[in-house]
Amino acid sequence: MMNASVETEYTNNRSVHAQRVAIGKENLDWGHVAEQIAADYFVKKGYTVRERNWKCGKLEIDLILEKDRTIIFVEVKARKQGTQDPIDAVGREKRQRIIRAADTYLRSLNMLYQYRFDIFAIIGNREDYRLSHYADAYMPPVNGRG
């Protein structure tokens, strides 16, 4: 991720089992909100949203965008303040799954496109969060071994 350009913005806008369920639902809800925030961000920057939550079997890509004849595959990561940095959550295995899904998607198109892999990170909560866009965050391995 050394060649990535980063753009950051700031904005304001019971039992153990029950707590875990509530936290899981809250995190899922925050993830959906984060994906909407990301989509809105990219539209404002002139990107076209081609797909949201595109699936191919067990593989998924959060956002597939297009701008200037380039397809952009975006992984959206949201975290609460003080937890793991969202960028660290996109490890080798996750990148490999995204690359496999992107390969399938690109092969389904009737045209050749340039492409890149971005990460969109949000830290905070619905009312107060910081977002960062890591363009060209990683590249597929040349030899296919990651």
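Two strands pair if DSSP finds at least two bridges between them. Helices (H or I, at least four residues) and strands (E, at least two) are DSSP runs, numbered from the N terminus. The model is predicted: local features need pLDDT of at least 70, side-chain atom pairs count only at pLDDT 80 or more, and totals for chains, interfaces and linings use all residues. Residues are numbered from 1 along each chain as its sequence is written, and side-chain values use heavy atoms, with hydrogens and water left out.

Start with the strands. Strand S2 covers residues 48-56 and strand S3 covers residues 59-67. They run antiparallel, joined by 7 bridges. Thr-48 has Glu-66 in S3 as its bridge partner. S2 and S3 make a hairpin, with 2 residues between them. Gly-57 lies in that turn and has a positive phi of about 65 degrees.

Next comes strand S4, residues 70-79. S4 runs parallel to S5, and 10 bridges join the two. Within this pairing, Ile-72 stands opposite Arg-116 in S5. S5 also pairs with strand S6 (residues 129-138), here in the antiparallel sense and over 7 bridges. Ile-123 has Arg-130 in S6 as its bridge partner. S5 and S6 form a hairpin with 4 residues between them.

How many residues of strand S5 are buried? Here buried means under 20% relative accessible area, exposed means over 50%, and partly exposed lies in between (1.4 Å probe, protein chains only). S5 spans residues 114-124, and 9 of its 11 residues are buried. The strand is mostly covered.

Now the helix H2. H2 has 16 residues and reaches 22 Å from its first C-alpha to its last. That is close to the 22 Å expected at 1.5 Å a residue; the expected span is 1.5 Å times one less than the number of residues. Ile-98, Ile-99, Ala-101, Ala-102, Tyr-105 and Leu-106 of H2 are buried. What covers the buried residues of H2 includes S2, S3, S4, S5 and S6, where contact means heavy atoms within 4.5 Å.

Turn to the charges. Side chains of opposite charge can pair when their charged atoms come close. A salt bridge is a side-chain nitrogen of Lys or Arg within 4 Å of a carboxyl oxygen of Asp or Glu. By this rule the model has 6 salt bridges. One of them lies in H2: Arg-107 meets Asp-103 at 2.9 Å, N to O. Why are these two separated by about one helical turn? Because they are 4 residues apart in helix H2 (residues 92-107). Arg-107 is exposed, with a relative accessible area of 65%. Asp-103 is partly exposed, at 35%.

Other salt bridges are under cover. Lys-77 and Glu-75 meet at 3.3 Å, N to O, and both are buried. Arg-116 forms a salt bridge with Asp-118, and their closest N and O atoms are 2.8 Å apart. Arg-116 is buried, with a relative accessible area of 17%. Asp-118 is buried too, at 0%. Salt bridges that share partners join Glu-75, Lys-77 and Lys-94 into one network.

The aromatic rings come next. A pair of aromatic rings is described by the distance of the centres and the angle of the planes. Rings of Phe, Tyr and Trp (its six-membered ring) pair if their centres lie within 6.5 Å; planes under 30 degrees apart count as stacked, over 60 as edge-to-face and the rest as tilted. The count comes to 9 aromatic pairs. Among them is a tilted pair, Phe-42 and Phe-120, at 5.5 Å centre to centre and 55 degrees between the planes. This pair links distant parts of the chain: Phe-42 is in helix H1 (residues 16-44), Phe-120 is in strand S5, and they are 78 residues apart. Both Phe-42 and Phe-120 are buried.

Phe-73 and Phe-117 form a stacked pair, 5.4 Å centre to centre with 25 degrees between the planes. Phe-73 in strand S4 and Phe-117 in strand S5 are 44 residues apart, so this pair also links distant parts of the chain. Phe-73 and Phe-117 are both buried. Ring pairs link them with Trp-54, Tyr-105, Tyr-115 and Tyr-138 into a cluster.

Two arginines meet rings. A charge sits over a ring if NZ of Lys or CZ of Arg is within 6 Å of the ring centre and within 35 degrees of the ring normal. The charged end of Arg-69 sits over the ring of Tyr-113, 5.2 Å from its centre. Arg-95 has its charged end over the ring of Tyr-138, 5.9 Å from the centre.
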